[in-house]
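Let's take a friendly tour of this protein, looking at its enclosed empty space and at one of its strands. Please have the model open as you read.

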Amino acid sequence: MTVEAHKETLEFKAEVSQVLDLVIRSLYSNKEIFLRELISNASDAAEKLRFEALSDDGLYEGDSDLRIRVTVDRDAGTLTVSDNGIGLSRQEVTETIGSIASSGTRRFIESLSGDQAKDSKLIGQFGVGFYSAFIVADKVTLSTRRAGLGAEHGVRWESDGRGSYTLETVEKTDRGTDVTLHLKDDEKEFLDNWRLRSIIGKFSDHIALPVEMLKEHYGDEAEQKQDAPPEFEQVNRGVALWMRNKSEITEEEYNDFYKHVSHDFEPPLAYAHNRVEGTNEYTALLYVPRKAPWDLWDRDQKHGVKLYVRRVFIMDEADKLLPHYLRFVKGVVDSDDLPLNVSREILQHNRKIDTIRQANTKRILSLMETMAKDKPEQYAELWDAFGRVLKEGPGEDFANKDRIAALLRFATTNSDADTQRESLDGYIERMKDGQDKIYYITADSPTAARHSPHLEVFRKKGVEVLLLSDRVDEWLVSHLSEYQGKQLHSVAKGDLDLGELADKEEQEAKEQAVAEHGALLEKLKTALGDRVADVRPSTRLVDSPACLVVGEDDMSANLARVLKSVGQSAPETKPTLEVNLDHPLVKRLESESGDDRFNDLGLVLFDQAQLAEGAQLDDPAAFVGRLNKLMLNMMVTGD
């Protein structure tokens, strides 16, 4: 059939051109990586064909021997990576090659820092490995045809990486994809067969698919084979790495395989490789990355490990094999017992999957426990990258709640730094004699937490308090109410109960204060009206004049602010104003005879307490007006 030419020249999207520019300026730390990326893409294409052919073996088109071939043309100065995998239709070429994962490109661009070293890692996480070809090539030609379509549906994509590309319909008799690199003049080293074999052995030995190159002949044999058809030979081991014996796999091979499955450019922080036999047989090779991916908090982004069934690739991002709070884990699970036609829906209600999920979870938690115990500096690196995600764990995984809680790390009042390094076990070891609670405070920033007036009495008594300033912390404490028999207690909720830490004299002084200053408290409550539920003397405060406290069972002020910031409604809760009766400002308030000035001073006191909590005032202009009026009055009267 004659192919009707349909060629068009298209411009890359602006943000895609930015990514291309970064790649072409050699952000990749090692030029050799381009070959690893192209072979990895070819391997993915072959695995996708194998999966789709489970329900339609006609896609094989009579050739089920899947392979990847690397060839060179020294005269033309080209290097070609070919596969006979699933291939691409014209529309798929436009959507994937022409726009680079268009759904998240803009967010990716916004995450770039301008630091080349950091941005190169982001590029790897973003998965634009195909474009690494432009590091060594000044033009790239991609010819492809999707399996199952006729030869007349071939597609050729070509670009010099400078902002535009051409797309045309061509005839292609065989399915799959050929990527041809027109090498730059100073990159001709990649035309050397031994150089290429070395790179393939280094980066792609683990790929469970033969990577082939032309067999080379020498001497008499070369003369004898001169007119013979080309002969290809496999140059990689071609055995799924996870199926090999652990004792046979080097650290470098584990790291290279991680880079293959994750498209990361750094080695992993840790990994676990296990073969499980019995009623449910499977192999799991799971990795903990060193850095968080840029889209870790993208709700629409899928996360998970690769699922294989008897070495047949089934799906990427099989999120049912691990709980959501471990979504940063990468790797492979290969089951001997699941059906080959397993789908995401079947995964959701499959007992074998539940068993694998539970075992994988325990394996990763054990890996982190060992790291926390034996390699605390390495665990600190993990926590800095994924700590906020792990804090989701106690609310999602009740069965492992205590194990997860032991892995959590916090900033506390015992340290001047805001880094989260203290464990709950360490906190309990340092608890004061008579202390029966784990005290914490939540705020919207580390600074706001550390300088909250609610901490004053705890500092005075030397009682450590956890400083919680991540948004997820409110979710955490709502599900982690106790640990090792110790209740977690907010210092900003309810009437302060220090138990045996409280002095008997302090309690008596509070009761006496209520009796002696009842008129002041009542008058202040009247002045504040429906802004507060009550006004009472404080045992929390040492240096500040006032603070706001919510009821023991009420939503914290910080959580209410978090909900409102994301557009959700929060119940209106009237706080209690606690006043420090020993503070000069409160004493001055008590001596005030004029109602208007008393009311203004009372409202300023209330607004200051709100600001100290990090809250936004409902009427900032009114606050400024009252403050200005009081200051002017002081200037006139000298009082």
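A cavity here is a set of grid points where a 1.4 Å probe fits but cannot get out. Keep in mind that this is a predicted model.

**Cavities**

With that meaning, the structure holds 4 cavities of 30 Å³ or more. The volume of the largest cavity is about 60 Å³. Which residues line the largest cavity? Its lining consists of S43, E47, H206, I207, A208, W242, F257, H260, V261, K306 and Y308. Sorted by class, the lining of the largest cavity comprises 6 nonpolar, 3 polar and 2 charged residues.

Three elements are worth finding on your screen: α2 (33-52), α8 (251-262) and β12 (305-309) each give at least two residues to the lining of the largest cavity. Helix α8 has the largest share, with 3 residues.

**Strand β7 and its partners**

Now turn to strand β7, residues 176-183. Is this strand mostly covered or mostly open? It is mostly covered, as 6 of the 8 residues of β7 are buried. Two strands that pair with β7 are set out below.

| Strand | Residues | Sense of pairing with β7 | Bridges | A bridge pair |
|---|---|---|---|---|
| β3 | 78-83 | antiparallel | 6 bridges | S82 with D178 |
| β4 | 137-145 | antiparallel | 8 bridges | S143 with D178 |

D178 of β7 appears in both rows: it is the bridge partner of S82 and also of S143. As general background, side chains in a regular strand alternate between the two faces of the sheet.

How values were computed: Residues are numbered from 1 along each chain as its sequence is written. This is a predicted model: local features need pLDDT of at least 70, side-chain atom pairs count only at pLDDT 80 or more; totals for chains, interfaces and linings use all residues. Side-chain values use heavy atoms; hydrogens and water are left out. On a 1 Å grid over the protein atoms alone, a cavity is a set of points where a 1.4 Å probe fits but cannot get out, and a pocket is an open set with protein on both sides within 12 Å along at least five of seven lines; lining residues have an atom within 4 Å of a point. Grid points are joined across faces, edges and corners, and a volume is the space filled by probe spheres set on the points. Helices (H or I, at least four residues) and strands (E, at least two) are DSSP runs, numbered from the N terminus. Ala, Val, Leu, Ile, Met, Phe, Trp, Tyr, Cys and Pro count as nonpolar, Asp, Glu, Lys and Arg as charged, and the others, Gly among them, as polar. Buried means under 20% relative accessible area, exposed over 50%, partly exposed in between (1.4 Å probe, protein chains only). Two strands pair if DSSP finds at least two bridges between them.
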